[in-house]
Amino acid sequence: MNKINEAQIILDSLGFDTKQKNKIAALTLLALANIKQNDKWSSASNPRLGVAKGIMTFISKEYEVTYKENTRESVRRQVLHYFIQKGLIEQNPDDKTIPVNSSRTNYALTEEFLKVLKTFDSSKWKKSLEVFLNETKDIVEKYETAKSFDLVPVKISEDKIINLSAGLHNDLQKAIVEEFAPRFAPNSMLLYLGDTANKNIHIEED
């Protein structure tokens, strides 16, 4: 059985449906675990990889599968997004302040999932997988909580605060709303505020 098939078996065991355990998802998992054709799963690691110069380059070099340039966004939305939801990976593990749309954005296996992955094809796999699945919700919450510490809170009215993702651009937006507007545009209304993670985070439609 080749490594792509094994990766698909792992994704199936984690509860991913047919679309979420396709070939590109399996190859993405192999890249994130740094598993080459002849490697054992016990040698898995969690390097920090971007999509284009990390994951896609690994897939092309080690598995001789080359995807088109526009596949990167599909990997983000249809693979990495679901991996994060299941607690398999985290985004920017070493610097939560990196903006979502930054070229420095990277992904890595969570320490919890890495430990499980290393047991695949061994007598410990079934038990470690069971424990991981039982703790998935707590694992996801743990990384979401850590991420929330770096959000930028912006007070847009007396009774409303919205949270923007971390980054210098949003620090500037916060300063415009909270400091510039009251001083230089008194009695003005904030009509729109966008974020790289949510372009329509605040809209006064009326």
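Modeller: Before we look at any residue, let us settle three words: a residue is called buried when its relative accessible area is under 20%, exposed when that area is over 50%, and partly exposed in between, as judged with a 1.4 Å probe on protein chains only. What you see above is a predicted model, in which local features need pLDDT of at least 70 and side-chain atom pairs count only at pLDDT 80 or more, while totals for chains, interfaces and linings use all residues. Residues are numbered from 1 along each chain as its sequence is written, and side-chain values use heavy atoms, with hydrogens and water left out.

Biologist: How many salt bridges does a search of the whole structure find?

Modeller: The general idea is that side chains of opposite charge can pair when their charged atoms come close. A salt bridge here is a side-chain nitrogen of Lys or Arg within 4 Å of a carboxyl oxygen of Asp or Glu, and searching the whole structure yields seven of them. One of these joins the side chains of E73 and R76, whose closest N and O atoms are 3.2 Å apart.

Biologist: Where do E73 and R76 lie, and by how much of a turn are they separated?

Modeller: Both belong to helix α4 (residues 71-85), and because they are three residues apart there, about one helical turn separates them; helices (H or I, at least four residues) and strands (E, at least two) are DSSP runs, numbered from the N terminus. E73 is partly exposed at 38% relative accessible area, and R76 is partly exposed too, at 33%. Through salt bridges that share partners, E73, R76 and R77 are joined into one network.

Biologist: Which other residues of helix α1 meet in a salt bridge, and are E6 and K3 buried or exposed?

Modeller: In helix α1 (residues 3-13), E6 and K3 lie three residues apart, about one turn of the helix, and their side chains meet in a salt bridge of 3.6 Å, N to O. E6 is buried, with a relative accessible area of 10%, and K3 is buried as well, also with 10%.

Biologist: What does the salt bridge between R48 and D94 tie together?

Modeller: The side chains of R48 and D94 meet at 2.8 Å, N to O. R48 lies in the loop between α2 (23-32) and α3 (51-63), and D94 in the loop between β1 (89-91) and β2 (107-109), so the pair ties together parts that are 46 residues apart in sequence. R48 counts as partly exposed at 36% relative accessibility, whereas D94, at 59%, counts as exposed.

Biologist: With which residues is V79 in contact, leaving aside its neighbours within four places in sequence?

Modeller: Contact means heavy atoms within 4.5 Å, and with those neighbours set aside V79 touches I24, A25, T28 and S74. V79 has its place in helix α4 and counts as buried at 3% relative accessibility. From V79 to K21 there are 58 residues in sequence, yet the two are 8.6 Å apart in space, C-alpha to C-alpha.

Biologist: What is the phi of N92, and what is the phi of D121?

Modeller: Most residues other than glycine have a negative phi. N92 has a positive phi of about 50° although it is not a glycine; N92 sits in the loop between β1 and β2 and is buried, with a relative accessible area of 3%. D121, not a glycine either, has a positive phi of about 70°; D121 is found in the loop between α5 (111-117) and α6 (125-148) and counts as exposed at 65% relative accessibility.

Biologist: With which side chain does the side chain of D195 make a polar contact?

Modeller: A polar contact is a pair of N or O atoms within 3.5 Å; within protein, one must be able to donate a hydrogen and the other to accept it, and residues adjacent in sequence count only if both atoms are side-chain atoms. The partner of the D195 side chain is the side chain of N170, at 2.8 Å. D195 lies in the loop between β5 and β6 (202-203) and counts as buried at 6% relative accessibility. Leaving aside neighbours within four places in sequence, D195 is in contact with L164, S165, N170 and I201.
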